[in-house]
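Subject: Structure for you to look at

Hello,

Here is the structure I promised to pass on. Please open it first, then read my notes below with the model on your screen.

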Amino acid sequence: TSIDKGQTWTSNTVGTMPGQANWGVSLAIAGESLYVARKDVDVRVFANHTGGEGAFTFVDVPMASTFGDILADPTTGDVFAVSDTPEFHIRRSSDGGLTFDAEVNPPGAYHYSDWALADSTIVVAGQEDTFARIPLSDLTTSVVTPVNASAAIPQSRCIAASDNGAIFTAQVDSATSEPSITLYPSGSDVGTPFALPAGSTGSSLFAVSDTTVIYVYTTPASEVAIGVESF
């Protein structure tokens with residue numbers, strides 16, 4: 001963790017478990033609450049409510065999962081364990097990650113899913129050429145929007161959302177191997193694309209505002225690089 005805008009850092013042991021390499025590690029923050037998820041047999045959710053200082057508690061969340069994520073709603077504090085098989089699986093916690101409600105399965109199925117939450121909506125994308133919006137008010141429903149880009153290399157598409165509901169997607173084109181980011185303004189299904197540096201691969205996104213996104217990607221020299229794009 002860092003409290004001086006990344007100038008200095010401290011580390012804290014969350015916990016140990018074997019974990020599945022394809023699932024990776026997921027992180028979500030809501031205020032002073034920090035959540036880390038990892039999968040072995042079940043999805044294990046670690047929680048800390050003091051800004052990452054001190055001990056983490058954990059709970060094992062049984063749910064079907066091939067790829068998954070952990071999300072936190074900064075408005076309500078609710079936490080969501082989410083996954084694909086490739087069908088969607090969601091379990092909500094309203095008590096800071098102590099317990100999770102029964103699994104909900106909104107319509108949809110994505111391979112290699114990536115998830116985000118903002119503006120009372122969960123958004124999810126995958127290898128398929130669409131992304132889905134799932135409203136927190138009714139997790140049994142979803143609305144699918146075509147991605148304004150060509151087919152993506154598996155595991156290259158990711159998604160982010162701003163506080164007001166603007167959506168960003170990124171991908172690496174399966175035909176040209178060129179990466180790009182697309183912005184969908186809040187409430188719009190029409191995207192504006194932007195090409196990333198040639199030759200960069202697999203990226204992740206963080207929405208700074210409705211028009212600005214931070215992206216992290218790997219260069220052809222296997223270096224990790226960070227960029228900022230404003231639309």
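**Salt bridges**

Start with Asp78 and Arg92, whose side chains form a salt bridge with N and O 3.2 Å apart. Asp78 sits in the loop between β5 (67–72) and β6 (79–84), while Arg92 belongs to strand β7 (residues 88–93), so this pair ties together parts 14 residues apart in sequence. Are the two partners buried or exposed? Asp78 is buried, at 11% relative accessible area. Arg92 is buried too, at 19%. The cut-off for buried is under 20%, so Arg92 still qualifies at its 19%.

Keep in mind that this is a predicted model. In total, 4 salt bridges are counted in it. Here are two others.

Asp60 and Arg44 meet through their side chains, with 2.7 Å from N to O. Asp60 is in strand β4 (residues 57–61) and Arg44 is in strand β3 (residues 43–48), so the salt bridge links parts that are 16 residues apart in sequence. Arg44 is buried, with a relative accessible area of 18%. Asp60 is partly exposed, at 34%.

Now find Asp129 and Arg157. Their closest N and O atoms are 3.6 Å apart, and they form a salt bridge. Both residues are in loops: Asp129 between β9 (121–125) and β10 (130–135), Arg157 between β11 (143–146) and β12 (158–161). The pair therefore ties together parts 28 residues apart in sequence. Arg157 is buried, with just 4% relative accessibility. Asp129 is partly exposed, at 36%.

**Strand β13 and its neighbours**

Next, go to strand β13, residues 167–172. How many of its residues are buried? The count is 6 of 6. In a regular strand, side chains alternate between the two faces of the sheet. You can follow this along β13. Ile167, Thr169 and Gln171 point one way. Phe168, Ala170 and Val172 point the other way. Residues on both sides are buried.

Which strands pair with β13? One is β12, which runs antiparallel to β13 over 4 bridges. Here Ala161 stands opposite Ile167 of β13. The hairpin of β12 and β13 has 5 residues between the strands, and Gly165 in that hairpin has a positive phi near 100°.

Another is strand β14 (residues 179–184), also antiparallel to β13, over 6 bridges. On this side, Ile167 faces Tyr184 in β14. So look at Ile167 from both sides: Ala161 is opposite Ile167, and Tyr184 is opposite Ile167 as well. The hairpin of β13 and β14 has 6 residues between the strands. Within that hairpin, Ser177 takes a positive phi near 65°.

**Phe231**

Last stop: Phe231, in the segment after β18 (224–230). Phe231 is partly exposed, at 32% relative accessible area. What does Phe231 touch, leaving out residues up to four places away in sequence? The contacts are Phe168, Ile181, Leu183, Thr192, Pro193, Phe194, Thr211 and Val213. You have already met Phe168, one of the buried residues of β13. For a distance to check yourself, take Phe231 and Glu178: they are 53 residues apart along the chain, and their C-alpha atoms are separated by 19 Å.

Best wishes

Technical notes:
Residues numbered from 1 in each chain as written. Predicted model: local features only at pLDDT ≥ 70, side-chain atom pairs only at ≥ 80, totals over all residues. Heavy atoms only, no water. Helix = DSSP H or I, 4+ residues; strand = E, 2+ residues; numbered from the N terminus. Buried < 20%, exposed > 50% of the residue type's maximum accessible area, 1.4 Å probe, protein only. Pairing = 2+ DSSP bridges. Contact = heavy atoms within 4.5 Å.
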